[in-house]
Amino acid sequence: MKKLYLMTPGPTTVPPDVLLDMAHPIFHHRTPRFKKLFGEVNELLKQVLRTQNPVVTFASSGTGAMEAAMVNTLSPGDKVLAINGGKFGERYLDISKAYGYNVIDLQVTWGEAVDAAKVEQILKENPDIKAVCSTLCETSTGVVNDIKALGAVVEKTDAILITDAISGLAADDLRTDEWGVDMVIGGSQKGLMLPPGLAFLSVSKKAEKMIESAKTPKFYFNLKKALKTLTESDTPWTPAVSLIVGLKSSLSMIVEEGMDNVIARHARLANATRLGLKALGLKLYAPTCSANTLTAVKVPEGIDGSLFVKKVRDDKGVTIAGGQGDAKGKIFRVSHLGYTDHFDVLIAISATEMVLNELGYKFELGAGVKAVQQAIV
Ligand SMILES: *Cc1c(COP(=O)(O)O)cnc(C)c1O
């Protein structure tokens, strides 16, 4: 027997109560029972996204909602600004290329957050920009971006602010309405503690206006249809019923704990993780703007990063994430996202120590675990 621990920034561990709720027999979706459930879920989603705007749920992975945000508000040839500080910021460029948007690629050094002043300057020079595409937590680098500052800049223009909060939602602070975010994108398999398969998208009045004139072809991801049926707690197509049953369960857990408490817990766990890693002499990849969602760390000199991640997973049963793209083999990423508490941090740091030790890295065994224990009293 080997007990497995899932400590990646998606998918994340699903709480046992949520799994049990999803194991109930399937029921039909065109029924009062489903409408009641979906109505409740939609109110809970607004609380978690901190918005009064409608939140649409799609049966897709998170990327579906990224695509939906763009194809429903833009027309081919439209100018968009994509903030590209990692693999997920880059995805906006790929979607733009697929649909023929005129995309400005604002490259941000990996491991750094975007400077809102730079976005403001680009918006001044390009008043025809229709959408600014941003990422709350750039999962590939562990950076949290200042969405509040971006909101203040974009709000003054005709552009909408789209924020990919797929990993950051319910871990890093995000105040959709207060900060002026027009479209927030979420996914089920991260901070919402569910299996993969659901995507979420909030739609402001400013974004809804753009839907009227957007000419990009679309069919499944039709927001106009989805928003219309949403007013009747319904969906245009067959919803992922069992996942929505689980969603009610996981969102209720989050709302019961309280959004401020959930964010504070993630901040505490992130802090403990960082103290543990620093006690091993390791260096953070994003020292000045590390997210609550996950911590990205540089692989020490002389250690094979890919082998390290593989050994932590295969020998110790702890799945952490390696680096992506340019950071492949150079960093590893430990998540403290979703259904996690301080003992999960101890597991991650302990497994890290054991494998680093086996690979010949010199440090005092137990130093990281001790630092975590001291941080979580
Ligand atoms: C996981 C993730 C995605 C991708 O979502 P899929 O569910 O794989 O489509 C997009 N953006 C960020 C920031 C993510 O962390």
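**Backbone geometry, domain contact and salt bridges**

Met193 is placed in the loop between β9 (183-187) and β10 (199-202). In this predicted model, phi of Met193 is near 60°, a positive value in a residue other than glycine. Most residues other than glycine have a negative phi, and most peptide bonds are trans. The relative accessibility of Met193 is 4%, and Met193 therefore counts as buried, the limit for that class being under 20%.

A positive phi is also found at Arg50, where the angle is about 55° although the residue is not a glycine. Arg50 belongs to the loop between α2 and β2. The loop between α2 and β2 (55-58) also holds Thr51. Thr51 has a relative accessible area of 4% and is therefore buried, since buried means under 20%. When neighbours within four places in sequence are set aside, the residues in contact with Thr51 are Lys46, Thr176, Asp177 and Ser202.

The peptide bond that joins Gly10 and Pro11 is cis, with omega about -5°. Pro11 is located in the loop between β1 (5-6) and α1 (16-22).

The domain assignment divides the protein into domain 1, made of 5-11 together with 259-376, and domain 2, covering 16-256. To the contact between them, domain 1 contributes 26 residues and domain 2 contributes 31 residues. The C-alpha centres of domain 1 and domain 2 are separated by 28 Å. The size of an interface is often given as the accessible area lost when the parts come together. Here, domain 1 and domain 2 bury about 2,200 Å² between them, and 63% of this area is on carbon and sulfur atoms.

Two salt bridges are counted between domain 1 and domain 2. In addition to this count, 10 residue pairs in polar contact are found between domain 1 and domain 2, with both residues of a pair at pLDDT 80 or more. On the side of domain 1 that touches domain 2, the elements giving two or more residues are α11 (259-279), β11 (294-298) and β14 (331-335). The most is given by α11, with five residues. By class, the residues on this side of domain 1 comprise 15 nonpolar, eight polar and three charged.

A salt bridge is formed by Arg175 and Asp260, whose closest N and O atoms are 3.3 Å apart. Arg175 and Asp260 are also members of a network of salt bridges that links them with Arg50, Asp173 and Glu178. Arg50, a member of this network, is the residue with a positive phi of about 55° described above.

Salt bridges were then considered over the structure as a whole, where the count comes to 20. Side chains of opposite charge can pair when their charged atoms come close. Glu40 and Lys248 form one such salt bridge, with 3.1 Å between the closest N and O atoms. This pair links distant parts of the chain, with Glu40 in helix α2 (residues 32-49) and Lys248 in helix α10 (residues 241-257), 208 residues apart. Glu40 is partly exposed, at a relative accessible area of 28%, and Lys248 is also classed as partly exposed, at 27% relative accessibility.

Lys224 and Glu212 are likewise joined by a salt bridge between their side chains, at 3.5 Å from N to O. Lys224 lies in helix α9 (residues 223-230) and Glu212 in helix α8 (residues 205-213), and the two residues are 12 residues apart. Lys224, with a relative accessible area of 47%, is partly exposed, whereas Glu212, with 56%, is exposed. The two residues therefore fall on either side of the limit of 50% above which a residue counts as exposed.

In a further salt bridge, Asp315 pairs with Lys311, and the closest N and O atoms are 3.1 Å apart. Asp315 has a relative accessible area of 39% and is partly exposed. Lys311 is partly exposed as well, with a relative accessible area of 22%.

The final element examined was helix α14 (residues 367-375), in which Ala367, Gly368, Val369, Ala371 and Val372 are buried. An α-helix has 3.6 residues a turn, so residues three or four places apart point the same way. The buried residues of α14 are covered by elements including α11 and α13 (342-358). The helix α11 is also the element that gives the most to the side of domain 1 that touches domain 2.

Notes: Residues are numbered from 1 along each chain as its sequence is written. This is a predicted model: local features need pLDDT of at least 70, side-chain atom pairs count only at pLDDT 80 or more; totals for chains, interfaces and linings use all residues. Side-chain values use heavy atoms; hydrogens and water are left out. Domain bounds come from an automatic or database domain assignment. Contact means heavy atoms within 4.5 Å. Buried area is the accessible area (1.4 Å probe) that two parts lose on being put together, summed over both. A salt bridge is a side-chain nitrogen of Lys or Arg within 4 Å of a carboxyl oxygen of Asp or Glu. A polar contact is a pair of N or O atoms within 3.5 Å; within protein, one must be able to donate a hydrogen and the other to accept it, and residues adjacent in sequence count only if both atoms are side-chain atoms. Helices (H or I, at least four residues) and strands (E, at least two) are DSSP runs, numbered from the N terminus. Ala, Val, Leu, Ile, Met, Phe, Trp, Tyr, Cys and Pro count as nonpolar, Asp, Glu, Lys and Arg as charged, and the others, Gly among them, as polar. Buried means under 20% relative accessible area, exposed over 50%, partly exposed in between (1.4 Å probe, protein chains only).
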